[in-house]
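Student: Please take a close look at the empty space in this model. I would like the pockets and cavities described with their linings, and then the setting of the helices involved.

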Amino acid sequence: MSASISPGPSREQLELFRALPGAMAPRDAQDLMAWPFFSLAKSRRIQPIDFEAGGVKVRVEGTVEHGLATIWDADVLIWAASQIVEARDAGIRTSRLMQATPYQILTFIGRGTSLRDYLRLKAALDRLQSTSIATTIRQAPGRRMHRFSWINEWKECADRLGRPQGIELILPDWFYAGVIEEALVLTIDPAYFGLSGGIERWLYRLVRKHGGRQRAGWQFDFRHLYAKSGSMARFSDFALDIRRIAIRQGVPGYRLAVTRATGRSDTLHFHPLSYSVPEAALFAVGGSAGEKQ
């Protein structure tokens with residue numbers, strides 16, 4: 001069922017922003033790309049995500065009924081970020097209170113528009129609303145925690161005759177503030193929505209965030225990748241998935257390679273395809289993307 005909540009004072013103070021029509025570039029919030037905020041599993045996850053490194057803390061909790069919001073549910077937030085940035089750049093006033101039709105959201109994120117897809121969208125909205133996040137990211141000195149849900153509330157709208165009028169949702173301050181600042185949003189490849197695997201989707205977002213358009217690319221050792229993923233898989237299984245993604249070059253816009261050094265964890269290297277370096281240079285450390293554990 002929808003998380004329909006009667007209008008309160010906070011809702012009444014928000015100006016309604018109606019989703020813009022037409023095609024637009026998908027944009028993602030950088031903070032969501034860099035840290036483990038979502039379940040990577042298609043099955044319901046109840047176990048919280050706990051991450052801490054370099055003063056950054058992230059804890060994500062879900063309910064028994066809905067579980068944690070997933071990497072697929074995050075597509076709704078990508079849609080919201082894209083709408084906000086597109087409107088801002090056009091000089092249109094935005095708001096945390098947004099209205100759209102399910103059709104607008106589903107077509108933007110590359111989903112079907114059947115009743116089944118609509119019900120899945122509602123389930124995603126429920127998980128986004130019921131997932132609780134506590135983090136120190138973008139907090140004032142002292143690293144105090146900010147707690148919120150991905151959606152404060154949402155409801156299905158209808159006119160006086162009961163005819164559907166779309167969906168309204170309210171985004172949290174933390175998310176909205178990050179999106180409205182241009183430096184904290186990145187354009188992503190529309191091919192992202194076609195990625196079917198949870199780790200594959202998470203890896204694209206991480207690579208896009210850190211690799212960007214840098215000629216020299218970026219790299220992470222597998223242990224660090226594992227920690228940043230929040231994955232519940234065994235490390236050996238996670239590492240095998242990363243190697244398989246590298247073998248099939250499963251990250252749009254980037255060249256991947258895996259190297260191994262004696263006595264150390266494998267390392268994933270990634271470069272934008274426009275600045276791809278010779279493969280021999282990527283594998284100079286030793287090993288290959290197809291090397292087994």
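Tutor: A pocket is here an open set of grid points with protein on both sides within 12 Å along at least five of seven lines, and a cavity is a set of points where a 1.4 Å probe fits but cannot get out. The model is a predicted one.

The second largest pocket holds about 190 Å³ of space. It is lined by 15 residues, of which Gly 22, Ala 23, Gln 104, Thr 107 and Phe 108 are the closest to its centre. Two elements, H3 and helix H4 (102-108), each give two or more residues to this lining. H4 has the largest share, with four residues. The lining has no charged residues; eleven are nonpolar and four are polar.

The largest pocket has a volume of about 370 Å³. Among its 18 lining residues, Trp 72, Asp 73, Arg 111, Arg 120 and Arg 127 are the closest to the centre. Helix H5 contributes the most to this lining, namely six residues. Seven of the lining residues are charged, eight are nonpolar and three are polar.

Next come the closed spaces. There are two cavities of 30 Å³ or more. The largest cavity has a volume of about 50 Å³, and its lining consists of Leu 32, Trp 35, Pro 36, Phe 37, Phe 38, Leu 40, Ile 71, Trp 202 and Arg 205. Eight of these are nonpolar, one is charged and none is polar.

The second largest cavity encloses about 40 Å³. Leu 32 lines this cavity too, together with Ala 29, Gln 30, Asp 31, Arg 138, Trp 174, Phe 175, Gly 178, Val 179 and Leu 184. Helix H2 (30-34) and helix H6 (173-180) each supply at least two of its lining residues, with H6 giving the most, four. The classes are six nonpolar, two polar and two charged.

As for the setting of the helices, an open sheet of four strands runs in the order E1-E5-E9-E8, with mixed pairing. Its edge strands are E1 (17-18) and E8 (153-158). E8 pairs with E9 (residues 164-170) in the antiparallel sense over five bridges. H3 (residues 75-89) packs on this sheet, touching E1, E5 (97-100) and E9, and its direction makes about 105° with that of E5. H5 (residues 115-130) also packs on the sheet, in contact with E8 and E9, at about 145° to the direction of E8.

Key. Residues are numbered from 1 along each chain as its sequence is written. This is a predicted model: local features need pLDDT of at least 70, side-chain atom pairs count only at pLDDT 80 or more; totals for chains, interfaces and linings use all residues. Side-chain values use heavy atoms; hydrogens and water are left out. Two strands pair if DSSP finds at least two bridges between them. Contact means heavy atoms within 4.5 Å. Axes are lines fitted to C-alpha atoms, for helices over the stretch in contact, and angles run from 0 to 180 degrees between N-to-C directions. On a 1 Å grid over the protein atoms alone, a cavity is a set of points where a 1.4 Å probe fits but cannot get out, and a pocket is an open set with protein on both sides within 12 Å along at least five of seven lines; lining residues have an atom within 4 Å of a point. Grid points are joined across faces, edges and corners, and a volume is the space filled by probe spheres set on the points. Ala, Val, Leu, Ile, Met, Phe, Trp, Tyr, Cys and Pro count as nonpolar, Asp, Glu, Lys and Arg as charged, and the others, Gly among them, as polar.
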